[in-house]
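Here is a quick tour of a two-chain model, written for someone who likes to know the cut-offs. Have the viewer open, and we'll start at the end of one helix.

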Amino acid sequence: MRKKILKLLEKNAKLTAKEIAVMLALPVDRVTKEIADMEQEKIILRYQTLINWERTDEQKVSALIDVKVTPQQDVGFDDIANRIYRYDEVTSVFLISGAYDLSVLVEGKSLKEVASFVSQKLSTLEHVQSTRTHFILKKYKQDGVIFEDREADRRQVLHP
Amino acid sequence: MTIFKAQNFINEKVKNLPPSGIRRFFDLVANTKGVISLGVGEPDFVTPWHIREACVQSLEKGYTMYTSNYGMPELREYIAYYLKNRFNLNYDPEKQIMVTVGASEAIDLALRTLISKGDEVLIPEPCYVSYKPITKLTGGVPVTVSTSMKDNFALTADHLEKYITPKSKVLILSYPNNPTGAVLPKEEMEKIASLVIKYNLVVISDEIYNELRYDGPPLSFASLPGLQDRTILINGFSKAFAMTGWRVGYVAAHPDFLAAMLKIHQYTILCAPVMAQMAALEALKNCHLDVERMAEQYNQRRRYVYSRLLEMGLECFEPKGAFYIFPSIEVTGLSSVDFAEELLKEEKVAVVPGNAFGKSGEGFIRCSYAASMNELTEAMNRMERFVVKRLNLNSRAAAQA
């Protein structure tokens, strides 16, 4: 049941407990309680809005940065990851397999701002061996949503 | 010199077919801007990507020719496998299954194959709009068997028996039903099956919505004991797989019926398009999760729309299949057509007047919930505003009187 509630909320956080209850044929107070519990248990972290910033006047630059680090005894990658994700400029941090260790998403107002964050803050951290910065040129799809979906509703009027 | 009049050349039966009574309404829909349409009888999902890709790949490989009249052998095998798996039905893919241009063609073939002049065809109503006209074109006599909300719009054996005469030959069953969303409970199916055997009838079972059933696993009429030979089973890919525009359906039947239907099919159609058959093959091979995903979403929307319609004060049967809901609009005091037209003009929501699906559909409207939750929410808000306004007007009028 939790999975079904989460799947609905993941797509549309504006659904009310009542709407969810109707859609899943569950009692409302049950849904309300489960959602509250999942908020308590940090399963639901926050209700977010997916925004296509390119459609606004807001200037935003983001970059994916591959970071190679030296793991430390006992704490492995966690300590250095912590040092990285504390920065406000950093929006996501993933530990990854392959040629690099951490994949870091950085957002800034300009190319210069992001570049200086990488060169002055990120690459100078202790245990960071190297970085490789990829600026994001265009977002096609994020969190399951296609930004400029060309597959609009094409159904035509058909006499039944 | 004789003046040429095209009208004089048109076949009498075609001339006498009544034009769609709601054409005017649909023209109105097409010409109004900003309409949320709950009037469309097809999924709002686009065909799953891997099905589309299978078609593209088949084109790249050069599959552009005719197929066997029956349809691609591999597709027929998969259809047989599906029918076995889903309903425990055994059909010989070589002699008992044919791929058609949509389930619509299969309905036409079945009726043309079975009906001679004067044969009576039992048609439960409200129902899909094509059964009656095709019956008339074949020279058959459509016999309407009305169903009602009190029976959950399901045909009952008791009621059906009253309409059976020595001329009765064919019974058309289409459950889950368009436009009501009704299904046939197993016990009632069994009682109807006994009548079919008792009166020596053949059933055309249009099971196009069978995968969209919300009260349990689907059931095929052909799977009832002793009924497989007497049933022409029709299904297709349009609804469950969101493949309306591909026009692929199929028919499974007794070898003699199939051989007869094949004759008409080969002279009129030759075969279903190969690219669409390629896509259908991919659908049957790898698509059951997509079907489940879509069915789950329809189910959620169904519950939502049902609860909203009740809340706004419309009496409504809870649909158990397809993606339609068929509320009664009697409390508003409006006819089906007036309700639909006024709702369209005032609130820009399109629904289909119930009488489009037969006389017993008067007093109802068909809403399709094959629309996104956002659209459904907005459509229900608008419809609620409309209904509440009408109810208030009515109670004021009653108070004055």
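## Helix α9 of chain B and its surroundings

Right after α9(B) comes B:Leu270, with a positive phi near 75°. Before going on, some housekeeping: residue numbers start from 1 along each chain as its sequence is written, while chains are lettered from A and ligands numbered from 1 in the order in which they are written. The model is predicted, so to speak of local features takes pLDDT of at least 70 and side-chain atom pairs count only at pLDDT 80 or more, while totals for chains, interfaces and linings use all residues. Helices (H or I, at least four residues) and strands (E, at least two) are DSSP runs, numbered from the N terminus.

Helix α9 of chain B covers residues 255-268, 14 residues in total, and reaches 20 Å from first C-alpha to last, close to the expected 20 Å. That expectation is 1.5 Å times one less than the number of residues. Its buried residues are B:Phe257, B:Leu258, B:Met261 and B:His265. Here, buried means 20 or more other C-beta atoms within 10 Å of a residue's own, exposed means 12 or fewer, and partly exposed is in between, with C-beta atoms placed from the backbone. An α-helix has 3.6 residues a turn, so residues three or four places apart point the same way. The cover over the buried residues of α9(B) includes β2 (97-100), α5 (102-114), β7 (231-236) and β8 (249-252) of chain B.

B:Ala260 is also in helix α9 of chain B. B:Ala260 counts as partly exposed because 17 other C-beta atoms lie within 10 Å. Its C-alpha is 12 Å from that of B:Ala106, and the two residues are 154 apart along the chain.

## Two helices that pack

Two packed helices are described by the angle between their axes and the distance between the axes. For helix α4 (residues 73-87) and helix α10 (residues 274-286) of chain B, the angle is about 35° and the axes are 10 Å apart. Axes are lines fitted to C-alpha atoms, for helices over the stretch in contact, and angles run from 0 to 180 degrees between N-to-C directions.

The crossing of α4(B) and α10(B) is left-handed, that is, the near helix is turned anticlockwise from the far one by less than a right angle (clockwise would be right-handed). From α4(B), the contact takes B:Glu74, B:Leu75, B:Tyr78, B:Ile79 and B:Tyr82; from α10(B), it takes B:Gln277, B:Ala280, B:Leu281, B:Leu284 and B:Lys285. Contact means C-beta atoms, placed from the backbone, within 7 Å. By class, these residues come to seven nonpolar, one polar and two charged. The nonpolar class is Ala, Val, Leu, Ile, Met, Phe, Trp, Tyr, Cys and Pro, the charged one is Asp, Glu, Lys and Arg, and the others, Gly among them, are polar.

## Backbone oddities in chain B

The loop between β5 (168-173) and α8 (186-198) of chain B holds B:Pro176, and B:Pro179 is in the loop between β5 and α8 too. The peptide bond from B:Tyr175 to B:Pro176 is cis, with omega near -5°. The bond joining B:Asn178 and B:Pro179 is cis as well, with omega about 20°.

B:Phe153, not a glycine, has a positive phi of about 55°. Its place is the loop between β4 (141-146) and α7 (157-161) of chain B, and B:Phe153 counts as buried because it has 27 C-beta neighbours inside 10 Å. B:Lys348 is not a glycine either, and its phi is positive at about 55°. B:Lys348 sits in the loop between α12 (336-347) and β10 (349-350) of chain B.

## The two chains and where they meet

Chain B has 13 helices and 12 strands, and 48% of its 401 residues are buried. Its radius of gyration (over C-alpha atoms; globule rule 2.2 Å times the number of residues to the power 0.38) is 22 Å, which agrees with the value near 21 Å for a compact globule. Chain A has five helices and six strands, with 13% of its 160 residues buried. Its radius of gyration is 21 Å, whereas a compact globule of 160 residues would have one near 15 Å.

The contact between them takes 18 residues from chain B and 12 residues from chain A. On the chain B side, α2 (23-30) and α11 (288-311) each supply at least two residues.

Technical notes
Two residues are in contact if their C-beta atoms, placed from the backbone, lie within 7 Å.
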